[in-house]
Amino acid sequence: MGTLVAAGFSFVIVMVIGLVISLAGLFLGHIIIFDSIALAVIGGAVAYNLFHVGTVLSIVIGAGIFALLMFLQTTRPGFWIIGGLLSLVWGFIFSLFAFSLSGKNMLITLGVWIIGTGFMIFQHLRSRRKIEEI
């Protein structure tokens with residue numbers, strides 16, 4: 001039982017680290033890179049904690065996820081699919097905060113989700129433009 005609790009705590013810690021990295025990327029204007037890093041960290045942690053994959057293989061899985069996401073986001077369809085889905089997820093995360101802070105007002109929650117998703121699409125487009133300039 002203690003092992004399960006410890007694995008759960010380590011999973012939560014990694015999720016929080018991924019969220020912090022993604023938020024830092026949002027404010028630095030490179031949300032694509034930081035989303036990829038966050039998903040790679042989460043993917044490696046899931047492989048290690050839930051599937052009991054070895055440490056080195058978990059790191060390789062995380063690096064593979066990062067490389068795959070960066071490659072896919074350089075293509076037009078991959079960018080719109082991944083960027084669109086991640087924008088929806090970020091908008092949903094913003095709406096969860098609005099839901100709890102607004103006293104569970106669904107109108108405000110849906111408004112924040114729509115505005116948050118639009119804002120994140122803008123951030124992904126801005127980040128893609130910066131990556132293409134490099």
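Let's start with where α2 meets α3. On the α2 side, the contact residues are I32, I33, S36, I37, L39, A40, G43, G44, A47 and Y48. On the α3 side, they are T55, S58, I61, G62, I65, F66, L69 and M70. Keep in mind that this is a predicted model.

What is the chemistry of that contact? The residues split into 12 nonpolar and six polar. None is charged. Glycines sit on both sides: G43 and G44 in α2, G62 in α3. They are counted with the polar group here.

Now the geometry. α2 covers residues 31-49, and α3 covers residues 55-72. Their axes come within 8 Å. The crossing angle is roughly 150 degrees. Anything over 145 counts as roughly antiparallel, so that is what α2 is relative to α3. And which hand does the crossing have? α2 passes α3 in a right-handed crossing.

Let's step back to the whole protein. How many helices, how many strands? Five helices, zero strands. From the N terminus on, the order reads α-α-α-α-α.

Next, contacts along the chain. Take the contacts with a separation of 6 or more. Of these, 62% come from residues 24 or more positions apart.

Then burial and surface. The protein has 134 residues, and 32% of them count as buried. The cut-off there is under 20% relative accessible area. The exposed area is about 8,200 Å². What supplies it? Carbon and sulfur atoms account for 82%.

To recap the pair: α2 and α3 are roughly antiparallel, the crossing is right-handed, and the contact has no charged residues.

Definitions and conventions:
Residues numbered from 1 in each chain as written. Predicted model: local features only at pLDDT ≥ 70, side-chain atom pairs only at ≥ 80, totals over all residues. Heavy atoms only, no water. Axes fitted to C-alpha atoms, helices over the stretch in contact; angles between N-to-C directions. Helix = DSSP H or I, 4+ residues; strand = E, 2+ residues; numbered from the N terminus. Parallel < 35°, antiparallel > 145°, perpendicular 65-115°, else oblique. Left-handed = near helix turned anticlockwise from the far one by under 90°. Contact = heavy atoms within 4.5 Å. Buried < 20%, exposed > 50% of the residue type's maximum accessible area, 1.4 Å probe, protein only. Areas by Shrake-Rupley, 256 points an atom, 1.4 Å probe, with all protein chains shown as cover.
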